[in-house]
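Subject: Structure for you to look over

Dear colleague,

I am handing over the structure we spoke of, with the sequence beside it. Please open it first, and then read the notes below against it.

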Amino acid sequence: YFFGREAEVSEALEHLGERGDNTHRRWLRVEGPAGIGKTSFARAGLVPAVVRGGVPGGPANWRVAAFRPADKPADALAQALAYAFQGQISAAEINEALGTDGGLADLVSEQLSADQGLLLLIDHLDDVVTEARAWPAQVRRFDQLLAAALEDFDQRLFIITSGRSDLIDGVLAALPEMSAAALTQSSIYH
């Protein structure tokens, strides 16, 4: 049971979707020190609020792909998407589709109806710092897929990440394309 942080959840969701300054943000970065509860806040607080319609101007219905990018982050993304698409497409087929020019953006367009959105919850995004050393090609692919999807005009893909604020410089260095997308597509909630 998750309770007692309704005001924080509401405040964090103000950073996603249509905003009063005529911008549209699709990436919410939940950052803070270790052990503060970023994971439970994102998984048990933000995700259910998004699904209940908490994103201004967001889709009416949602598919959720939640994962941790440890041990081959691009493969972890494909497995989470297979689960979110409820067996309509396998992880192998998703990996193949992600390898095309349209990548994740095309996959979202093809697999979701017009009123559906996809929420990617990437827990412990800071795992990519370690994974960049162990699986550099996987991290590059992960970086490219997410950044290209964020830059796509179809605004049905939203991302919530959680990570330690003391590791954010390493994360952004490991994900240079996401770092560039962060300038126009992300908001930070501490």
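What follows is an account of the sheet, of the helices that pack around it, and of one residue in its interior. Please keep in mind throughout that this is a predicted model.

The sheet

Five strands make up an open sheet, in which the order is 4-5-6-3-7 and the pairing is parallel. Its edges are strand 4, which covers 61–67, and strand 7, which covers 186–189, each of them pairing on one side only. On average, and with direction ignored, neighbouring strands of this sheet are turned by 20 degrees against each other.

Within this order, strand 6 (residues 157–164) pairs with strand 3 (residues 27–32) in the parallel sense, over six bridges. Among the residues that can be followed across this pairing, W27 has I159 of strand 6 as its bridge partner, while V30 is partnered by S162, also in strand 6. Strand 6 also pairs with strand 5, again in the parallel sense, and here over five bridges; in strand 6, the residue opposite L119 is F158. Strand 6 is mostly covered, with seven of its eight residues buried.

The helices

Helix 7, residues 136–151, packs on the sheet and touches strand 3, strand 4, strand 5 (116–122) and strand 6, and the direction of this helix makes about 130 degrees with that of strand 6.

Helix 7 also packs against helix 3, at an angle of about 50 degrees and with the two axes 7 Å apart, so that helix 3 and helix 7 are oblique to each other. On the side of helix 3 the contact is made by P73, A74, D75 and L77, and on the side of helix 7 by Q138, V139, R141, F142, L145 and L146. Sorted by class, the residues of this contact between helix 3 and helix 7 are seven nonpolar, one polar and two charged.

Helix 3 (residues 73–84) has a further packing partner in helix 4 (residues 91–98), where the angle is about 120 degrees and the axes are 8 Å apart. Helix 3 and helix 4 are therefore oblique to each other as well, and their crossing is right-handed. Helix 3 contributes A74, D75, L77, A78, Q79, L81 and A82 to this contact, and helix 4 contributes A91, I94, N95 and L98. The contact of helix 3 with helix 4 comprises eight nonpolar residues, two polar and one charged.

A residue in the interior

Is L120, at its place in strand 5, buried or exposed? Its relative accessibility is 0%, and because buried means under 20%, L120 counts as buried. Neighbours within four places in sequence left aside, L120 is in contact with A65, F67, L77, L81, L104, L146, L157, F158, I159 and I160. One of these contacts, I159, lies 39 residues from L120 in sequence, yet the two are 4.7 Å apart in space, C-alpha to C-alpha. I159 is also the bridge partner of W27, and L77 and L146, which L120 touches too, both appear in the contact of helix 3 with helix 7.

With best wishes

Notes
Residues numbered from 1 in each chain as written. Predicted model: local features only at pLDDT ≥ 70, side-chain atom pairs only at ≥ 80, totals over all residues. Heavy atoms only, no water. Pairing = 2+ DSSP bridges. Helix = DSSP H or I, 4+ residues; strand = E, 2+ residues; numbered from the N terminus. Axes fitted to C-alpha atoms, helices over the stretch in contact; angles between N-to-C directions. Contact = heavy atoms within 4.5 Å. Parallel < 35°, antiparallel > 145°, perpendicular 65-115°, else oblique. Left-handed = near helix turned anticlockwise from the far one by under 90°. Nonpolar A, V, L, I, M, F, W, Y, C, P; charged D, E, K, R; others polar. Buried < 20%, exposed > 50% of the residue type's maximum accessible area, 1.4 Å probe, protein only.
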